[in-house]
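Please walk through this protein and its ligand with the model open beside the text. Start with the whole chain, then go down to single residues.

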Amino acid sequence: EMLEKGGYEHFMLKEIYEQPRSIHDCMRGRIYPEQGKVQLGGLKEYTEKLKNVDRIIIVACGTSWHAGLVGEYLIEEYARIPVEVEYASEFRYRNPIISEKDLVIAISQSGETADTMAAIELAKEKGATIFGICNVVGASIPRITHAGVYTHAGPEIGVASTKAFTAQVTVLTLIAFYTAQQRGTITQSKLIEYLTELNTIPQLVEQALQVNNHVHAIAQKFKDSANCLFLGRGSSFPVALEGALKLKEISYIHAEGYPAAEMKHGPIALIDEDMPVVVIATKHSSYEKVISNIQEVKARGGHIIAIVSEGDKEVREMADYVIEIPQVSEPFVPLLATIPLQLLAYHIAVMRGCNVDQPRNLAKSVTVE
Ligand code: G6P
């Protein structure tokens, strides 16, 4: 088993460290930066559909649902198509309004999740076109969808999803850019710029992983917390949800993710010195707003762990701990900001003596309702 773990103590850590590779594999043969071209073989026959569709519905569960939320931000921003993201388990039981005009994207690492499969069957009966984004080649979901894109992240053994999530986000980024190009909602020069940057993301993820020792030290400070809050805005909001899910599922610390501005509608009542708050505060469109959210937490004695862009000075002055990630354009923040949150959850769980690869009560794939 040690051999399978490639020298890492746990599969989860190995899979976290595999992300430069898995993201690279996921993009291979799909992006051509010099030509400003995205090629998604699996969706080729459906290019017209993508170009003309009025709305997209994303269905998924768990971490895959979080990837879907990132996808919503990206597709709406760049391809300008309205997107709804649904829990498969809710979608399937509420007589959803769906027709042959709709496009459904089902996201699943395993390709076997029962609720996601049922949601697909239902949408199919109503005539919708279904795309799959799956990791396990030849699984059930890729077999029942009309078209799809594999994430190619390689086998994921740790129950808590890590590299599959960043690969799903990568595929959704590709779909957003591809669709934007088809619809003419992005300029060719902007696309070339973004694809060129996307091509460097595996290296930047490698760089982001270098915070590991620093995150380990921070984990030491917060390992005995009973609760933890994760905040983010824009596409960093789903990253906050994912950070909270990682922590709760493997360390059993109660954790919640919130859009930073929603804090004042409830969670702020919980803030005191025993409530660490992890904030994604990178230098992007909502930077100033997030800074005021940080001040609100500080004013109530809360401890801030901030994920910031490299070289940031402003947040450093306010936060108790900062973790830097490389500076990237806005669409790529989720891919990088996720990394330190995975490491934080991992180290805290290990320090608490938890079984990180196989947390209690959880299964890698949920094939029953
Ligand atoms: C389980 C796993 C999660 C996963 C979710 C959805 O809860 O523990 O890691 O995100 O199922 O699984 P899927 O294979 O459909 O992505």
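What follows goes from overall form to the ligand, the core, the strands and a few single residues.

This is a predicted model. The protein chain holds 14 helices and 12 strands. Its C-alpha trace spans about 55 × 45 × 45 Å along the principal axes. Is that the extent of a compact globule? A compact globule of 369 residues would have a radius of gyration near 21 Å, and the protein chain has 20 Å, so the two agree. Burial can be read alongside that: 54% of the 369 residues are buried. The contacts reach far along the sequence. Among contacts with a separation of 6 or more, 74% link residues 24 or more positions apart.

Now turn to the ligand. Its shell consists of 15 residues. The closest are Gly62, Thr63, Ser108, Ser110 and Thr113. Helix H4, residues 62–79, gives the largest share of the shell, with 3 residues. By class, the shell has 10 polar residues, 4 nonpolar and 1 charged.

Next comes the interior. In soluble globular proteins, nonpolar side chains tend to be buried together. Here the largest nonpolar core has 131 residues. Ala106, Phe177, Val279, Ala306 and Leu336 touch the most other members of that core. Helix H14, residues 333–351, supplies the largest share of this core, 13 residues.

Ala106 deserves a closer look. Leaving out residues up to four places away in sequence, Ala106 touches Val59, Ala60, Thr116, Ala119, Ile120, Ile130, Gly132, Ile141 and Thr145. Two of these partners, Val59 and Ala60, lead to strand E3.

Strand E3 covers residues 56–60, and 5 of its 5 residues are buried. Ile56, Ile58 and Ala60 point one way from E3, while Ile57 and Val59 point the other way. Both sets are buried. E3 pairs with strand E4, residues 83–87, in the parallel sense over 5 bridges. In that pairing, Ala60 stands opposite Tyr87 in E4.

A second pair can be followed in the same manner. Strand E8, residues 227–232, is mostly covered, with 5 of its 6 residues buried. E8 runs parallel to strand E9, residues 254–259, and 6 bridges join them. Cys228 stands opposite Ala255 in E9.

Just before E9 there is a loop to check. Tyr252 is found in this loop, between helix H11 (236–251) and E9. Which sign does phi of Tyr252 have, positive or negative? Phi is positive, about 65°, although Tyr252 is not a glycine. Tyr252 has 15 C-beta neighbours inside 10 Å, so Tyr252 counts as partly exposed.

Asn361 also has a positive phi, near 65°, and is a residue other than glycine. Asn361 lies in the segment after H14. Is Asn361 buried or exposed? Asn361 counts as exposed because only 6 C-beta neighbours lie inside 10 Å, and the cut-off for exposed is 12 or fewer.

Finish at Thr47. Thr47 sits in helix H3, residues 47–52. Thr47 has 13 C-beta neighbours inside 10 Å, so Thr47 counts as partly exposed. Where does Tyr178 lie relative to Thr47? The two are 131 residues apart in sequence, and their C-alpha atoms are 9.1 Å apart in space.

Notes
Residues are numbered from 1 along each chain as its sequence is written. This is a predicted model: local features need pLDDT of at least 70, side-chain atom pairs count only at pLDDT 80 or more; totals for chains, interfaces and linings use all residues. Helices (H or I, at least four residues) and strands (E, at least two) are DSSP runs, numbered from the N terminus. The radius of gyration is taken over C-alpha atoms; the globule rule is 2.2 Å times the number of residues to the power 0.38. A residue is buried if 20 or more other C-beta atoms lie within 10 Å of its own, exposed if 12 or fewer, and partly exposed in between; C-beta atoms are placed from the backbone. Two residues are in contact if their C-beta atoms, placed from the backbone, lie within 7 Å. A residue is near a molecule or strand if its C-beta atom, placed from the backbone, lies within 6 Å of it. Ala, Val, Leu, Ile, Met, Phe, Trp, Tyr, Cys and Pro count as nonpolar, Asp, Glu, Lys and Arg as charged, and the others, Gly among them, as polar. A nonpolar core is a set of buried Ala, Val, Leu, Ile, Met, Phe, Trp, Tyr and Cys residues joined through C-beta atoms within 7 Å. Two strands pair if DSSP finds at least two bridges between them.
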